[in-house]
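Let's go through some charged side chains together, one question at a time. Have the model open while you read.

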Amino acid sequence: MSDTQSHISIDDVARIARLARLALTEAEQEAMVGQLNDILESMSVLRTLDVSDVEPTAHVAPIPTPLRPDVVRESLSSSEALQEAPQKADTSFVVPKIVG
Amino acid sequence: MIRGYEPVIGLEVHCQLSTQSKLFCGCSTEFGVPPNHSTCPVCLALPGVLPVLNEQVLRYAIRVGAALGCRIRTTSRFARKNYFYPDLPKGYQISQFDEPILEGGEVVIDLDGQTKSIPLTRIHIEEDAGKSIHLGDRNESHVDYNRTGIPLIEIVSEPALASSNEVVAYLKEIRNIVRYLNICDGHMEQGSFRCDANVSVRPVGQTELGTRAELKNLNSFNFVKRAVDYEIERQIDVIESGEAVVQETRLWDERANRSRSMRGKEEAHDYRYFPDPDLLPIQVSDALIQSEKESLPELPRARRERYVGVLELTQYDADVLTGDKSLSDFFEAVCREGASPKLAANWVQGELLGRLNADGKSIEQTPVAAEDLAIVLARIHAGRISGKQAKKVFQSVYDGMDVHAALDVVGEQLTDSSAVVTIINQILDSHPGEVSTYLSGKTKVLGFFVGQVMGATQGKANPAMVNEHLREQLEERRST
Amino acid sequence: MDIFSDIATIREDLLSGRVTVTERIGAVFEHVDRVEPRLHSFLSMNREGALEAADAIDQSIRAGRDPGVLAGVPVAVKDNLATRGLRTTAASKMLEGYVPVYDSHVVEQLRDSGALIVGKTNMDEFAMGSSTENSAFGVTGNPWDAQRVPGGSSGGTAAAVGSGQACIGLGSDTGGSIRQPAALCGIVGLKPTWGRVSRYGLIAFASSLDQVGPMTRTVRDCAQLLQVIAGYDSRDSTCVDLPVPDYLEALDGDIKGLRIGVPAEYFGDGIDPEVDAAVRTALQQLVDAGAHLESISLAHTPYCLSAYYLIAPAEASSNLARYDGVRYGLRVDDEDVNAMITKTRAAGFGPEVKRRIMLGTYALSAGYYDAFYGTAQRVRTLVRQDIVDTLKTVDVIATPTSPVPACNHGERTSDPLAMYLMDICTISANLAGVPALSQLCGFTRSGLPIGLQFLGRPFDEEQLLRVAHAYESRTDWHQRRPAEVAGDKP
């Protein structure tokens with residue numbers, strides 16, 4: 001683990017893992033702290049650039065969003081829709097109970 | 001003001017737009033389809049799929065913006081709202097964040113004779129999620145993606161509502177407006193019109209807003225009113241007991257008549273909004289805005305004002321009739337067929353709504369066509385049938401009879417004066433005692449004669465005419 | 001029959017009857033089986049489908065019908081492109097058995113053109129990586145030295161095409177994932193302008209950077225394949241509705257007066273000396289053919305890597321949120337759905353994918369958006385401006401494709417940052433959305449391929465193909481065959 005500036009703490013890692021729905025073991029979380037800090041440190045070069053009056057680029061294509069006419073297209077059959085379902089009941093997807 | 005506190009309420013209303021196909025794919029939006037029969041790779045979020053915007057949604061959004069006086073952005077963006085839930089297949093909802101299509105605007109409500117403008121913050125486009133059904137006994141949930149991707153607009157008001165009554169008036173007005181605009185059918189029970197309420201209180205005179213709680217699961221106007229009232233009281237209780245109101249989401253439990261905190265069951269959401277890279281900026285042309293502005297239908301407020309000002313209906317009648325676009329359209333159809341507005345207003349609200357409500361039917365399901373009602377009303381207006389006869393005809397038509405057949409059964413009102421006078425004299429001749437009673441000053445007995453005449457004419461005589469002629473004939477006998 | 005035949009030869013053979021489609025595809029599968037144990041280019045094979053299609057084409061030709069423009073051409077398809085009925089895994093345990101019910105747009109185009117899908121190729125998991133070592137299903141070998149990496153993330157396609165297991169291939173490129181493996185495996189790889197080729201059916205990594213593109217042994221074949229896959233598709237809102245030019249016509253060799261910009265920032269420090277030398281020699285050959293070199297500066301080059309490694313993971317963290325075990329793919333069961341989702345994702349994603357999801361989630365999270373993602377998007381504007389402005393004064397920009405030739409397996413896997421540095425020459429084209437092409441321009445002393453890269457103006461793939469063709473026609477690098485596999489030709 002490098003001794004560079006600390007951007008992310010182990011608590012941050014736990015919080016982000018929850019947000020991202022990733023169950024990380026303690027060992028993985030520890031490793032992640034170091035790796036993420038190294039990566040973020042390598043990006044500190046960005047702080048030397050003043051971009052305050054630069055517009056962000058969200059898209060590099062020169063056109064507005066195309067529109068589609070409001071016409072019904074054929075849907076998948078329910079068996080195709082559920083073809084890859086890990087668990088199904090009749091034509092519904094089944095998941096373990098949703099709490100909260 | 002309640003117990004020295006001022007309630008401050010903001011509402012988020014979601015309206016499902018009544019397009020044929022979904023927001024980002026061509027699946028049908030038809031209601032009541034078996035689970036997962038209206039899905040495709042796009043709305044199922046299979047690996048590799050991409051969204052394509054439905055042009056009708058854009059048109060509907062601009063229409064509502066024009067109707068509510070919003071600023072329409074010529075360039076707006078879609079953003080991803082990221083969170084995990086089984087009924088949200090992409091793990092994000094495509095919505096709008098920094099650059100919504102509509103900003104500002106207002107909804108004007110009338111309450112207790114006062115008019116109040118409720119300012120809006122914004123209106124934006126987003127997609128609906130699917131449905132999960134919880135099977136408690138089997139510890140599992142079933143997920144249906146038919147409704148995933150249905151287009152919604154979210155109407156966000158400023159925290160400018162001050163009571164549960166204002167809330168209900170506001171909701172009713174919005175619901176009415178979107179139905180008039182033909183962009184949403186406004187069915188709260190079916191889920192095409194939903195609202196969440198942000199409620200806070202503050203001591204009267206304080207300008208700073210109190211902490212707000214968000215109320216969800218408000219499935220009818222009644223629920224909304226009860227939930228908001230409950231929440232206001234609850235928050236006041238909390239404050240008065242020395243505690244602080246917690247910012248949280250609360251679900252309304254109708255059966256228990258209280259709300260429950262969702263705190264602890266859901267961590268604070270960090271939605272990590274960013275512009276959706278799969279959808280380029282939405283450009284709205286001035287031509288499109290103009291075309292929607294020009295084709296706006298008459299809105300409820302304008303219609304109410306016309307009913308009172310031009311058709312000379314009472315405010316009450318105007319409010320009732322315009323409260324539902326279909327009802328108002330029906331009323332206007334009856335008038336178009338030539339009926340007098342006042343008569344039409346009475347009959348639509350009275351006889352028609354009376355029967356419909358008793359049968360649990362809506363105006364869209366009326367068995368009496370507008371033209372038919374107009375025919376009946378025309379007969380009344382011409383004096384050819386009495387009100388009582390008309391009611392009989394109406395009931396028969398409601399129950400399925402053809403209007404002309406029903407009119408024939410009832411026959412024409414007797415308007416031939418001489419015939420009526422003849423019958424009157426026959427009755428007066430056979431009741432000399434009652435004639436004397438009347439002439440001695442006990443005029444109440446007139447009612448008896450009227451009844452006799454009506455009986456003799458099988459109710460077909462025009463009551464006003466009978467009254468008039470009876471008095472005349474009785475007076476003539478005074479001199480003999 | 002030469003296993004390394006190009007498209008034109010294959011077509012001549014089948015039209016003349018010299019080698020039927022069925023014969024050729026049979027020979028290809030035999031070659032694949034011989035080479036696979038050493039290279040492991042493929043994750044799944046399409047034997048039945050290809051043989052059926054081959055038979056149909058042969059019948060069609062016998063009946064006198066014109067077969068498609070790529071009839072009988074064996075193609076390797078990267079396993080992040082949806083293929084109906086054929087397993088598509090993105091080299092992840094998350095999608096280990098997943099079979100799509102639809103075809104991606106480019107695969108539809110391939111099928112319509114008569115190309116035969118040999119199989120789905122190995123890659124870095126969800127396209128995250130530069131060596132194909134992040135695959136959940138084993139590593140792939142470089143055809144020139146099986147102990148070395150083929151590059152990534154389209155390493156499987158590069159190895160398949162480079163070793164003759166396919167004539168042409170499709171890859172995807174987000175930060176260099178077509179060009180870099182093309183360079184390391186000695187073939188041609190083109191990343192089209194963002195919006196030139198439909199992404200419908202491409203398993204998304206970073207949507208604003210991803211593109212699908214051709215990987216071939218010659219520039220002509222590259223032009224031909226691009227012709228088939230480029231063009232408007234209404235199912236991709238970011239696919240631009242611009243006419244597709246005739247790319248083959250661009251191969252006219254006319255580069256007199258062509259202005260080639262040489263950015264100082266892409267040479268010198270950080271570039272292997274042999275790579276540097278080979279690229280400069282190649283550029284000199286282009287000067288001999290009439291082109292002009294101009295020194296240019298792409299001032300924001302030092303910021304590219306950082307901007308990319310904020311934007312790409314951020315978008316990826318969102319694009320990969322759909323892998324939750326609910327509708328398809330891996331599911332690790334548990335008591336409640338939250339636990340199920342969390343455990344499924346932990347089990348289904350490899351370490352690099354997890355790392356990038358974490359990084360991306362962090363870069364987008366409340367309070368950090370402006371400092372990270374927001375800043376990176378602004379840097380992106382500057383990088384794009386540099387390139388687009390430069391391309392007003394020069395016609396193409398030339399750089400090495402990869403700073404180093406292929407390293408050994410395992411050499412860079414312990415340090416993510418070392419691996420990220422493999423992308424320093426290729427990333428800018430993705431950030432700017434411009435087209436870029438890599439071609440073989442020489443070998444190291446130890447016989448490893450070296451790649452030369454050209455960047456061009458948006459939607460001007462023709463210019464790239466023209467200059468690449470001009471270089472290729474004056475050299476014979478592209479005629480060399482990897483010793484390890486060349487000896488196996490039938």
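Q: Is B:Arg303 buried or exposed?
A: Keep in mind that this is a predicted model. The relative accessible area of B:Arg303 comes to 8%. Buried means under 20%, so B:Arg303 is buried.

Q: Which side chain meets B:Arg303 in a salt bridge at 3.0 Å, N to O?
A: We want a carboxyl oxygen of Asp or Glu within 4 Å of the Arg nitrogen. The partner that fits is partly exposed, with 26% relative accessible area. At 3.0 Å from N to O, that partner is B:Glu298.

Q: In the salt bridge between C:Arg235 and C:Asp233, which side chain is buried?
A: These two side chains meet at 3.1 Å, N to O. C:Arg235 has 25% relative accessibility, so it counts as partly exposed. With a relative accessible area of 5%, the buried one is C:Asp233.

Q: Which helix of chain C holds both C:Asp389 and C:Lys392?
A: The two form a salt bridge, with their closest N and O atoms 3.2 Å apart. They sit 3 residues apart, about one turn of the helix. The helix covers residues 370–393 of chain C, and its name is α12.

Q: Is C:Lys392 buried or exposed?
A: Its salt-bridge partner C:Asp389 is partly exposed at 40% relative accessible area. C:Lys392 has 59%, and the cut-off for exposed is over 50%. So C:Lys392 is exposed.

Q: How many salt bridges are there over all chains?
A: The rule accepts a Lys or Arg side-chain nitrogen within 4 Å of an Asp or Glu carboxyl oxygen. Counted that way over all chains, the number of salt bridges is 64.

Terms used:
Residues are numbered from 1 along each chain as its sequence is written. Chains are lettered from A and ligands numbered from 1 in the order in which they are written. This is a predicted model: local features need pLDDT of at least 70, side-chain atom pairs count only at pLDDT 80 or more; totals for chains, interfaces and linings use all residues. Side-chain values use heavy atoms; hydrogens and water are left out. Buried means under 20% relative accessible area, exposed over 50%, partly exposed in between (1.4 Å probe, protein chains only). Helices (H or I, at least four residues) and strands (E, at least two) are DSSP runs, numbered from the N terminus.
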